[in-house]
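Could you walk me through this structure with a few exercises? I am new to it, so please work each solution step by step.

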Amino acid sequence: MKLIDLFNDKKPIVSFEIFPPKLDTPLDTIFDALEKFKALGPDYISVTYGAGGSQKDRTIEISSNIKNTYNIESMAHLTCVGHTIEEIDFIVDSLIENNIKNILALRGDPPADQPDFDFSKNSFKYASELISHIRSRHNDLCIAAAAYLEGHPECSKIKDDMINLKHKTDAGVDFLVTQLFFDNRLYYEFQERAATIGIKCPIAAGIMPIFSSRIKAMTAKSGCSIPAKLVMMLDKYQDNPDDLLKAGIEYASIQIRDLIDNGADGIHLYTMNRPKSSSEILKNAGL
Ligand SMILES: Cc1cc2nc3c(=O)[nH]c(=O)nc-3n(C[C@H](O)[C@H](O)[C@H](O)COP(=O)(O)OP(=O)(O)OC[C@H]3O[C@@H](n4cnc5c(N)ncnc54)[C@H](O)[C@@H]3O)c2cc1C
(Lines give C-alpha, C1' and ligand atoms only; values in the text may rest on other atoms or scores of the structure.)
Protein backbone atom coordinates (compact mmCIF):
# COMPACT_ATOMS: atom_id res chain seq x y z
CA MET A 1 0.00 0.00 0.00
CA LYS A 2 1.14 3.54 -0.73
CA LEU A 3 1.44 5.41 2.56
CA ILE A 4 0.01 8.59 1.08
CA ASP A 5 -3.33 6.75 0.82
CA LEU A 6 -3.16 6.18 4.59
CA PHE A 7 -2.36 9.86 5.23
CA ASN A 8 -5.38 10.80 3.15
CA ASP A 9 -7.62 8.53 5.26
CA LYS A 10 -6.43 8.94 8.84
CA LYS A 11 -4.93 11.43 11.26
CA PRO A 12 -2.45 11.09 12.81
CA ILE A 13 -0.48 8.36 11.08
CA VAL A 14 1.75 6.77 13.72
CA SER A 15 5.05 5.40 12.46
CA PHE A 16 8.26 4.01 13.91
CA GLU A 17 11.77 4.41 12.60
CA ILE A 18 14.29 1.64 13.19
CA PHE A 19 17.87 1.15 12.06
CA PRO A 20 19.57 -2.07 10.91
CA PRO A 21 21.89 -3.64 13.47
CA LYS A 22 25.63 -3.33 12.77
CA LEU A 23 26.96 -5.81 10.22
CA ASP A 24 28.64 -7.94 12.90
CA THR A 25 25.35 -8.26 14.84
CA PRO A 26 22.82 -10.91 13.76
CA LEU A 27 19.65 -9.65 12.09
CA ASP A 28 17.63 -11.68 14.61
CA THR A 29 18.11 -8.89 17.15
CA ILE A 30 15.95 -6.55 15.07
CA PHE A 31 13.43 -9.27 14.27
CA ASP A 32 12.95 -9.84 18.03
CA ALA A 33 12.28 -6.13 18.42
CA LEU A 34 9.91 -6.14 15.44
CA GLU A 35 7.66 -8.69 17.17
CA LYS A 36 7.27 -6.17 20.00
CA PHE A 37 6.85 -3.19 17.69
CA LYS A 38 4.11 -5.03 15.81
CA ALA A 39 2.13 -5.41 19.05
CA LEU A 40 2.01 -1.58 19.26
CA GLY A 41 0.08 -1.39 15.99
CA PRO A 42 2.05 1.22 14.03
CA ASP A 43 0.68 2.39 10.68
CA TYR A 44 4.11 1.76 9.17
CA ILE A 45 7.74 1.21 10.09
CA SER A 46 10.63 2.84 8.26
CA VAL A 47 14.18 1.48 8.05
CA THR A 48 17.18 3.78 7.82
CA TYR A 49 19.87 3.53 5.18
CA GLY A 50 23.43 3.22 6.52
CA ALA A 51 25.81 6.00 5.52
CA GLY A 52 27.02 5.53 1.93
CA GLY A 53 25.02 2.34 1.43
CA SER A 54 27.15 0.33 3.86
CA GLN A 55 24.09 -1.62 5.00
CA LYS A 56 21.88 -1.38 1.95
CA ASP A 57 21.20 -5.13 1.82
CA ARG A 58 20.07 -5.04 5.43
CA THR A 59 17.76 -2.09 4.78
CA ILE A 60 16.15 -4.02 1.93
CA GLU A 61 15.93 -7.28 3.89
CA ILE A 62 14.45 -5.70 7.02
CA SER A 63 11.99 -3.55 5.04
CA SER A 64 10.94 -6.65 3.14
CA ASN A 65 10.41 -8.63 6.35
CA ILE A 66 8.35 -5.84 7.89
CA LYS A 67 6.06 -5.89 4.87
CA ASN A 68 6.00 -9.56 3.92
CA THR A 69 6.51 -11.40 7.23
CA TYR A 70 5.10 -9.02 9.84
CA ASN A 71 2.37 -7.62 7.52
CA ILE A 72 3.10 -4.03 8.47
CA GLU A 73 3.54 -1.37 5.80
CA SER A 74 7.21 -0.48 5.44
CA MET A 75 9.19 2.42 4.08
CA ALA A 76 12.84 2.05 3.07
CA HIS A 77 15.16 5.05 3.42
CA LEU A 78 17.52 5.54 0.47
CA THR A 79 20.42 7.98 0.21
CA CYS A 80 22.07 8.76 -3.14
CA VAL A 81 25.45 9.93 -1.84
CA GLY A 82 28.19 7.90 -3.51
CA HIS A 83 25.79 5.89 -5.68
CA THR A 84 25.67 5.76 -9.48
CA ILE A 85 22.32 6.06 -11.26
CA GLU A 86 22.52 2.35 -12.12
CA GLU A 87 23.02 1.46 -8.45
CA ILE A 88 20.04 3.59 -7.43
CA ASP A 89 17.88 1.94 -10.11
CA PHE A 90 18.99 -1.49 -8.94
CA ILE A 91 18.12 -0.74 -5.29
CA VAL A 92 14.73 0.76 -6.17
CA ASP A 93 13.94 -2.22 -8.40
CA SER A 94 14.96 -4.60 -5.58
CA LEU A 95 12.60 -2.80 -3.21
CA ILE A 96 9.75 -3.07 -5.71
CA GLU A 97 10.48 -6.78 -6.22
CA ASN A 98 10.12 -7.12 -2.44
CA ASN A 99 6.67 -5.54 -2.57
CA ILE A 100 7.81 -2.23 -1.00
CA LYS A 101 6.01 0.78 -2.37
CA ASN A 102 7.34 3.51 -0.08
CA ILE A 103 10.75 5.18 -0.19
CA LEU A 104 12.16 8.03 1.89
CA ALA A 105 14.46 9.59 -0.71
CA LEU A 106 17.46 11.45 0.69
CA ARG A 107 20.70 12.98 -0.45
CA GLY A 108 22.61 11.77 2.62
CA ASP A 109 25.57 13.24 4.47
CA PRO A 110 29.15 13.42 3.18
CA PRO A 111 31.06 10.19 3.94
CA ALA A 112 32.67 10.37 7.42
CA ASP A 113 36.18 10.19 5.92
CA GLN A 114 35.40 12.86 3.26
CA PRO A 115 33.87 15.86 5.06
CA ASP A 116 34.54 18.01 1.94
CA PHE A 117 32.77 15.55 -0.38
CA ASP A 118 31.88 17.33 -3.63
CA PHE A 119 28.18 16.68 -4.22
CA SER A 120 28.39 18.26 -7.68
CA LYS A 121 30.34 15.16 -8.76
CA ASN A 122 27.67 12.86 -7.32
CA SER A 123 25.10 11.40 -9.75
CA PHE A 124 22.46 13.40 -7.90
CA LYS A 125 23.50 16.64 -6.25
CA TYR A 126 20.34 17.09 -4.18
CA ALA A 127 17.54 14.86 -2.97
CA SER A 128 15.21 16.69 -5.40
CA GLU A 129 17.21 15.24 -8.33
CA LEU A 130 16.96 11.74 -6.86
CA ILE A 131 13.22 12.20 -6.36
CA SER A 132 12.71 13.43 -9.97
CA HIS A 133 14.64 10.42 -11.22
CA ILE A 134 12.69 7.86 -9.18
CA ARG A 135 9.41 9.56 -10.06
CA SER A 136 10.24 9.54 -13.79
CA ARG A 137 10.68 5.75 -13.65
CA HIS A 138 7.93 4.88 -11.16
CA ASN A 139 4.74 6.84 -11.00
CA ASP A 140 3.18 4.22 -8.73
CA LEU A 141 5.65 4.58 -5.82
CA CYS A 142 5.01 6.70 -2.74
CA ILE A 143 7.99 8.99 -2.17
CA ALA A 144 8.68 10.78 1.11
CA ALA A 145 11.41 13.34 1.84
CA ALA A 146 13.11 14.96 4.81
CA ALA A 147 12.17 18.40 6.19
CA TYR A 148 14.11 20.53 8.66
CA LEU A 149 12.06 22.76 10.95
CA GLU A 150 15.11 24.81 11.94
CA GLY A 151 16.68 24.66 8.47
CA HIS A 152 19.17 22.10 7.21
CA PRO A 153 22.56 22.72 8.89
CA GLU A 154 24.30 23.33 5.52
CA CYS A 155 21.85 26.05 4.48
CA SER A 156 22.70 29.47 5.90
CA LYS A 157 19.21 30.93 5.42
CA ILE A 158 16.06 29.20 6.68
CA LYS A 159 14.09 30.92 3.90
CA ASP A 160 16.35 29.39 1.23
CA ASP A 161 16.01 25.97 2.81
CA MET A 162 12.22 26.31 2.53
CA ILE A 163 12.55 27.25 -1.17
CA ASN A 164 14.77 24.19 -1.67
CA LEU A 165 12.16 22.09 0.11
CA LYS A 166 9.52 23.39 -2.30
CA HIS A 167 11.72 22.27 -5.25
CA LYS A 168 11.90 18.90 -3.56
CA THR A 169 8.14 18.53 -3.09
CA ASP A 170 7.55 19.75 -6.66
CA ALA A 171 9.83 16.95 -7.88
CA GLY A 172 7.22 14.40 -6.79
CA VAL A 173 7.08 14.05 -3.00
CA ASP A 174 3.95 12.59 -1.43
CA PHE A 175 4.69 13.46 2.21
CA LEU A 176 7.41 14.87 4.44
CA VAL A 177 8.99 13.63 7.65
CA THR A 178 10.67 16.19 9.88
CA GLN A 179 14.01 16.16 11.58
CA LEU A 180 13.74 15.73 15.36
CA PHE A 181 12.65 18.74 17.39
CA PHE A 182 11.85 19.46 21.04
CA ASP A 183 9.63 22.53 20.83
CA ASN A 184 6.29 21.99 19.10
CA ARG A 185 6.05 25.67 18.25
CA LEU A 186 8.73 25.02 15.62
CA TYR A 187 6.44 22.46 13.95
CA TYR A 188 3.36 24.69 13.98
CA GLU A 189 5.33 27.63 12.63
CA PHE A 190 6.88 25.41 9.95
CA GLN A 191 3.42 24.19 8.87
CA GLU A 192 2.42 27.82 8.30
CA ARG A 193 5.58 28.69 6.38
CA ALA A 194 5.22 25.55 4.25
CA ALA A 195 1.59 26.37 3.44
CA THR A 196 2.54 29.95 2.54
CA ILE A 197 5.07 28.75 -0.04
CA GLY A 198 2.58 26.25 -1.47
CA ILE A 199 3.70 22.98 0.12
CA LYS A 200 0.46 21.06 0.50
CA CYS A 201 1.54 17.50 1.34
CA PRO A 202 1.23 15.96 4.84
CA ILE A 203 4.09 16.68 7.25
CA ALA A 204 4.81 13.95 9.80
CA ALA A 205 6.44 15.19 13.02
CA GLY A 206 9.69 13.38 13.85
CA ILE A 207 9.97 12.81 17.60
CA MET A 208 13.19 11.58 19.17
CA PRO A 209 12.72 10.63 22.84
CA ILE A 210 15.66 11.38 25.08
CA PHE A 211 17.02 8.00 26.05
CA SER A 212 20.44 9.15 27.23
CA SER A 213 22.69 12.19 27.51
CA ARG A 214 24.11 11.28 24.07
CA ILE A 215 21.23 13.35 22.75
CA LYS A 216 23.45 16.44 22.99
CA ALA A 217 25.84 15.02 20.37
CA MET A 218 22.95 13.99 18.13
CA THR A 219 21.30 17.39 18.24
CA ALA A 220 24.63 19.13 17.60
CA LYS A 221 25.01 17.10 14.37
CA SER A 222 21.45 17.65 13.19
CA GLY A 223 21.30 21.37 13.96
CA CYS A 224 18.32 20.92 16.28
CA SER A 225 18.04 23.25 19.27
CA ILE A 226 17.47 22.10 22.85
CA PRO A 227 14.99 24.28 24.80
CA ALA A 228 16.13 25.63 28.18
CA LYS A 229 13.80 23.35 30.15
CA LEU A 230 15.34 20.34 28.45
CA VAL A 231 18.87 21.55 29.17
CA MET A 232 17.86 21.77 32.84
CA MET A 233 16.43 18.26 32.69
CA LEU A 234 19.62 16.88 31.12
CA ASP A 235 21.74 18.62 33.78
CA LYS A 236 19.51 17.43 36.61
CA TYR A 237 19.68 13.77 35.61
CA GLN A 238 23.16 13.66 34.07
CA ASP A 239 24.38 11.16 36.70
CA ASN A 240 21.18 9.16 36.85
CA PRO A 241 20.42 7.40 33.53
CA ASP A 242 17.26 5.69 34.83
CA ASP A 243 15.66 8.96 35.91
CA LEU A 244 16.79 10.63 32.68
CA LEU A 245 15.08 7.87 30.69
CA LYS A 246 11.85 8.32 32.69
CA ALA A 247 11.94 12.08 32.23
CA GLY A 248 12.71 11.67 28.50
CA ILE A 249 9.73 9.35 28.06
CA GLU A 250 7.49 11.84 29.83
CA TYR A 251 8.76 14.75 27.72
CA ALA A 252 8.18 12.87 24.44
CA SER A 253 4.71 11.75 25.59
CA ILE A 254 3.65 15.31 26.37
CA GLN A 255 5.10 16.55 23.08
CA ILE A 256 3.20 13.89 21.10
CA ARG A 257 -0.10 14.50 22.94
CA ASP A 258 0.14 18.21 22.15
CA LEU A 259 0.88 17.47 18.47
CA ILE A 260 -2.13 15.16 18.21
CA ASP A 261 -4.38 17.72 19.93
CA ASN A 262 -3.24 20.29 17.39
CA GLY A 263 -3.92 18.11 14.36
CA ALA A 264 -0.44 16.91 13.31
CA ASP A 265 -0.63 14.76 10.15
CA GLY A 266 1.70 12.13 11.52
CA ILE A 267 3.84 11.15 14.49
CA HIS A 268 7.10 9.53 13.39
CA LEU A 269 8.86 8.09 16.43
CA TYR A 270 12.63 7.68 16.22
CA THR A 271 12.52 4.51 18.32
CA MET A 272 16.27 3.81 18.51
CA ASN A 273 15.13 0.15 18.26
CA ARG A 274 13.61 0.34 21.78
CA PRO A 275 10.11 -1.21 21.84
CA LYS A 276 9.62 -0.94 25.61
CA SER A 277 10.20 2.80 25.84
CA SER A 278 8.24 3.35 22.61
CA SER A 279 5.32 1.43 24.14
CA GLU A 280 5.36 3.60 27.29
CA ILE A 281 5.43 6.78 25.22
CA LEU A 282 2.46 5.75 23.08
CA LYS A 283 0.50 4.66 26.15
CA ASN A 284 1.20 7.93 28.00
CA ALA A 285 0.25 9.92 24.90
CA GLY A 286 -3.07 8.06 24.73
CA LEU A 287 -2.31 6.21 21.49
C1 LIG B 1 13.39 11.98 8.53
C2 LIG B 1 14.85 11.85 8.18
C3 LIG B 1 15.37 10.58 7.89
C4 LIG B 1 16.73 10.44 7.56
N5 LIG B 1 17.21 9.17 7.28
C6 LIG B 1 18.52 9.01 6.95
C7 LIG B 1 19.04 7.71 6.62
O8 LIG B 1 18.32 6.71 6.66
N9 LIG B 1 20.35 7.60 6.28
C10 LIG B 1 21.17 8.70 6.22
O11 LIG B 1 22.36 8.53 5.88
N12 LIG B 1 20.71 9.96 6.52
C13 LIG B 1 19.41 10.14 6.88
N14 LIG B 1 18.93 11.40 7.17
C15 LIG B 1 19.86 12.53 7.18
C16 LIG B 1 20.02 13.20 5.78
O17 LIG B 1 20.61 12.28 4.89
C18 LIG B 1 20.91 14.44 5.93
O19 LIG B 1 20.26 15.41 6.70
C20 LIG B 1 21.47 15.04 4.65
O21 LIG B 1 22.48 15.98 5.01
C22 LIG B 1 20.46 15.80 3.80
O23 LIG B 1 19.63 14.95 3.11
P24 LIG B 1 18.33 15.57 2.34
O25 LIG B 1 17.70 14.48 1.60
O26 LIG B 1 17.51 16.36 3.30
O27 LIG B 1 19.09 16.58 1.32
P28 LIG B 1 18.59 17.76 0.38
O29 LIG B 1 17.12 17.91 0.40
O30 LIG B 1 19.24 17.53 -0.94
O31 LIG B 1 19.22 19.04 1.10
C32 LIG B 1 20.61 19.09 1.40
C33 LIG B 1 21.05 20.55 1.43
O34 LIG B 1 21.07 21.08 0.10
C35 LIG B 1 20.28 22.26 0.04
N36 LIG B 1 19.63 22.28 -1.29
C37 LIG B 1 18.67 21.44 -1.73
N38 LIG B 1 18.34 21.76 -3.01
C39 LIG B 1 19.11 22.82 -3.36
C40 LIG B 1 19.25 23.61 -4.54
N41 LIG B 1 18.52 23.35 -5.64
N42 LIG B 1 20.16 24.63 -4.55
C43 LIG B 1 20.92 24.88 -3.46
N44 LIG B 1 20.84 24.17 -2.31
C45 LIG B 1 19.94 23.14 -2.26
C46 LIG B 1 19.28 22.15 1.19
O47 LIG B 1 18.81 23.43 1.60
C48 LIG B 1 20.13 21.47 2.24
O49 LIG B 1 20.94 22.41 2.91
C50 LIG B 1 17.58 11.58 7.52
C51 LIG B 1 17.05 12.84 7.83
C52 LIG B 1 15.70 12.99 8.17
C53 LIG B 1 15.16 14.35 8.50
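**Exercise 1. The ligand site.** Find which of the residues around the ligand come nearest, and look at the polar contacts of three of them in this predicted model.

*Solution.* Start with the surroundings: 22 residues lie around the ligand, and Tyr49, Asp109, Tyr148, Asp161 and Lys168 come nearest. Next, take Tyr49: one of its backbone N or O atoms is 2.8 Å from a nitrogen atom of the ligand. Then turn to Asp109, where a polar side-chain atom sits 2.5 Å from a ligand oxygen atom. Finally, Lys168 also uses a polar side-chain atom, at 2.7 Å from an oxygen atom of the ligand.

**Exercise 2. The barrel.** Work out how many strands form the closed barrel and in what order they run, then see what packs on it.

*Solution.* Begin by following the strands: there are eight, in the order β1-β2-β3-β4-β5-β6-β7-β8, and their pairing is parallel. From one strand to the next, the twist averages 25°. Now zoom in on one pair: β1 (residues 13-18) and β2 (residues 44-47) are parallel and share four bridges. Within that pair, Ser15 stands opposite Tyr44 of β2. Next, look at a helix on the sheet: α10 (residues 241-261) touches β7 (203-207) and β8 (266-270), and its direction makes about 165° with that of β7. Another helix, α4 (residues 85-97), lies across β3 (73-79) and β4 (102-106) and runs at about 175° to β3.

**Exercise 3. The nonpolar cores.** Identify the residues with the most contacts inside the largest nonpolar core, and list the contacts of one of them.

*Solution.* First, the size: this core has 63 residues, and Ile18 and Leu176 have the most contacts inside it. A second core, separate from that one, has 16 residues, including Ile4, Phe7, Leu104 and Leu106. Now go back to Leu176. Setting aside neighbours within four places in sequence, its contacts include Ala145, Ala146, Ala147, Leu165 and Thr169. Also among the contacts of Leu176 are Ile199, Cys201, Pro202, Ile203 and Ala204.

**Exercise 4. A serine in a helix.** Decide whether Ser278 is buried or exposed, and find what it touches.

*Solution.* Locate Ser278 first: it belongs to helix α11 (residues 275-284). Then check its relative accessible area, which is 0%, so Ser278 is buried. Last, look for partners beyond four places in sequence: Ser278 is in contact with Phe37, Leu40, Leu269 and Thr271.

**Exercise 5. Backbone details in loops.** Find where the cis peptide bond is, then compare the settings of two asparagines with positive phi.

*Solution.* Take the peptide bond first: the cis bond joins Lys11 and Pro12, with omega about -5°. Pro12 is in the loop between α1 (3-9) and β1. Now move to Asn99, which is not a glycine yet has a positive phi of about 75°. Asn99 is in the loop between α4 and β4, and its relative accessible area is 38%, so Asn99 counts as partly exposed. Then consider Asn273, where phi is also positive, near 60°. Asn273 is in the loop between β8 and α11. Its relative accessible area is 19%, and buried means under 20%, so Asn273 is buried.

Terms used. Residues are numbered from 1 along each chain as its sequence is written. This is a predicted model: local features need pLDDT of at least 70, side-chain atom pairs count only at pLDDT 80 or more; totals for chains, interfaces and linings use all residues. Side-chain values use heavy atoms; hydrogens and water are left out. A nonpolar core is a set of buried Ala, Val, Leu, Ile, Met, Phe, Trp, Tyr and Cys residues joined through side-chain atoms within 4.5 Å. Buried means under 20% relative accessible area, exposed over 50%, partly exposed in between (1.4 Å probe, protein chains only). Contact means heavy atoms within 4.5 Å. Two strands pair if DSSP finds at least two bridges between them. Helices (H or I, at least four residues) and strands (E, at least two) are DSSP runs, numbered from the N terminus. Axes are lines fitted to C-alpha atoms, for helices over the stretch in contact, and angles run from 0 to 180 degrees between N-to-C directions. A residue is near a molecule or strand if one of its heavy atoms lies within 4 Å of it. A polar contact is a pair of N or O atoms within 3.5 Å; within protein, one must be able to donate a hydrogen and the other to accept it, and residues adjacent in sequence count only if both atoms are side-chain atoms.
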